[in-house]
Amino acid sequence: MANPRPVVPPRISCEYCPLRQRSAFREFTSEELSFVSRFKVAEMPAAPGMAIMVEGERNPSLYSVLSGWGFRYKILEDGRRQILNYVLPGDLIGLQGNVMKEMQHSVEALTKMTLCIFERDKLPTLFRDQPTLAFDITWIAAREESMLDEHLLSIGRRNAQERAAYLLAFLDARAQATVGGHQEHRQLPLTQQHVADTLGLSLVHTNKTLRKLAEQGLVRWLDRGCEVVEIEGLYRLAGWRPPNETGRPFI
């Protein structure tokens, strides 16, 4: 079982949610906003390394990321970890539990996070009374499936440099859309161990691969994470470009 998770009463009202100010997300109608305000019951701060959800547990809550970064992962009995995807502001955590009852993966905070908490038992009310929000949740689930398809393609068919370029380009694109701040040089708060666990490579192989990207002037590794220096070069090396997702839904 996970350690008890701290919760606090809602400090940020849905009306003044900072995510609503970002063009990546769609606007709510007044009725939808009122419903989501009632649906949200609390907020949860999470420090880096904190377990938000644990594989095999039954959690009564759904979470929406208000700020910060986290990641979904599975782990083998011998401790080897596979990072499945990363969660950023606007992402929904825990929907799988409505279908599978027990979580089939774990979620950990990568940076300091704030999460909005919703009661899982009230989700049927959303589907019954708010069809547009219900479609939004379907969209979120379908988008997650699409991202996992691309990740599987990358691990299965891209070489090591292409895999690394794709991952860093993918995370940069998501961060620019949801976190904001379109600087020339952008930072991703992950270590080379996170990259290795995402790409399915050894740490030594990952280090050599990322050094090659740095030698090409595409990225720079710092103590606090990875700085993306030349995003177009990463796109070309990966053979990938981000989809246009302006107006994407969130709860």
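Buried means under 20% relative accessible area, exposed over 50% and partly exposed in between (1.4 Å probe, protein chains only). The model here is predicted, so local features need pLDDT of at least 70 and side-chain atom pairs pLDDT 80 or more, while totals for chains, interfaces and linings use all residues. Residues are numbered from 1 along each chain as its sequence is written, and side-chain values use heavy atoms, without hydrogens and water.

**Exercise 1. Work out which residues of α6 are buried and what they pack against.**

Step 1. Find the helix. α6 covers residues 192-199; helices (H or I, at least four residues) and strands (E, at least two) are DSSP runs, numbered from the N terminus.

Step 2. Go through the burial. Of the 8 residues in α6, 6 are buried, so call the helix mostly covered. Your list should read His 194, Val 195, Ala 196, Asp 197, Thr 198 and Leu 199.

Step 3. Look at the partners, with contact meaning heavy atoms within 4.5 Å. The buried residues of α6 pack against the strands β4, β5 and β10 (219-222), and against the helices α4, α5 (160-178) and α7 (203-215).

Step 4. Check what comes next. Gly 200, just after α6, has a positive phi of about 75°.

**Exercise 2. Put the strands of the open sheet in order and say which ones stand at the edges.**

Step 1. Trace the pairs; two strands pair if DSSP finds at least two bridges between them. You get 4 strands in the order β2-β7-β4-β5, with antiparallel pairing.

Step 2. Pick out the edges. β2 (51-53) and β5 each have a single partner strand, so each has one side without a neighbour in the sheet.

Step 3. Add the twist. From one strand to the next, it averages 35°.

Step 4. Take β4 with β7 (residues 106-109). The two run antiparallel and are joined by 4 bridges. Gly 70 sits opposite Ala 109 of β7, and Tyr 73 has Ser 106 as its bridge partner in β7.

Step 5. Now take β4 with β5. They pair antiparallel over 6 bridges, and Arg 72 stands opposite Asn 85 in β5. The two strands make a hairpin with 5 residues between them, and Gly 79 in that turn has a positive phi of about 100°.

Step 6. Lay the helices over the sheet (axes are lines fitted to C-alpha atoms, for helices over the stretch in contact, and angles run from 0 to 180 degrees between N-to-C directions). Helix α4 (residues 131-157) lies across β4 and β5, at about 135° to β5. α6 lies across β4 and β5 too, at about 105° to β5.

**Exercise 3. Describe the lining of the second largest pocket and of the largest cavity.**

Step 1. Get the terms straight: on a 1 Å grid over the protein atoms alone, a 1.4 Å probe fits in a cavity but cannot get out, a pocket is an open set with protein on both sides within 12 Å along at least five of seven lines, and lining residues have an atom within 4 Å of a point. A volume is the space filled by probe spheres set on the points.

Step 2. Take the pocket. The second largest one has a volume of about 160 Å³. Its lining includes Lys 74, Arg 80, Gln 193 and Asp 197. β4 (70-75), β5 (81-87) and α6 each give two or more residues, and α6 gives the most, with 3.

Step 3. Sort that lining by class. It splits into 4 nonpolar, 3 polar and 4 charged residues; Ala, Val, Leu, Ile, Met, Phe, Trp, Tyr, Cys and Pro count as nonpolar, Asp, Glu, Lys and Arg as charged, and the others, Gly among them, as polar.

Step 4. Go to the cavity. There is 1 of 30 Å³ or more, and the largest cavity has a volume of about 140 Å³. It is lined by 17 residues, and Cys 14, Cys 17, Cys 116, Phe 250 and Ile 251 are the closest to its centre.

Step 5. Sort this lining as well. It has 13 nonpolar, 2 polar and 2 charged residues. α1 (30-39), β3 (61-67) and β8 (113-119) each supply at least two, with the largest share, 3 residues, from β3.

**Exercise 4. Decide whether Phe 127 and Arg 248 are buried, partly exposed or exposed.**

Step 1. Phe 127 sits in helix α3 (residues 123-129). With a relative accessible area of 42%, Phe 127 is partly exposed.

Step 2. Leaving out residues up to four places away in sequence, Phe 127 touches Ala 134 and Ile 137. Ile 137 is 10 residues from Phe 127 in sequence, and 9.2 Å from it in space, C-alpha to C-alpha.

Step 3. Arg 248 lies in the segment after α8 (231-238). Its relative accessible area is 8%, so Arg 248 is buried. Leaving out residues up to four places away in sequence, Arg 248 has contacts that include Asp 91, Trp 139, Arg 174 and Thr 178.
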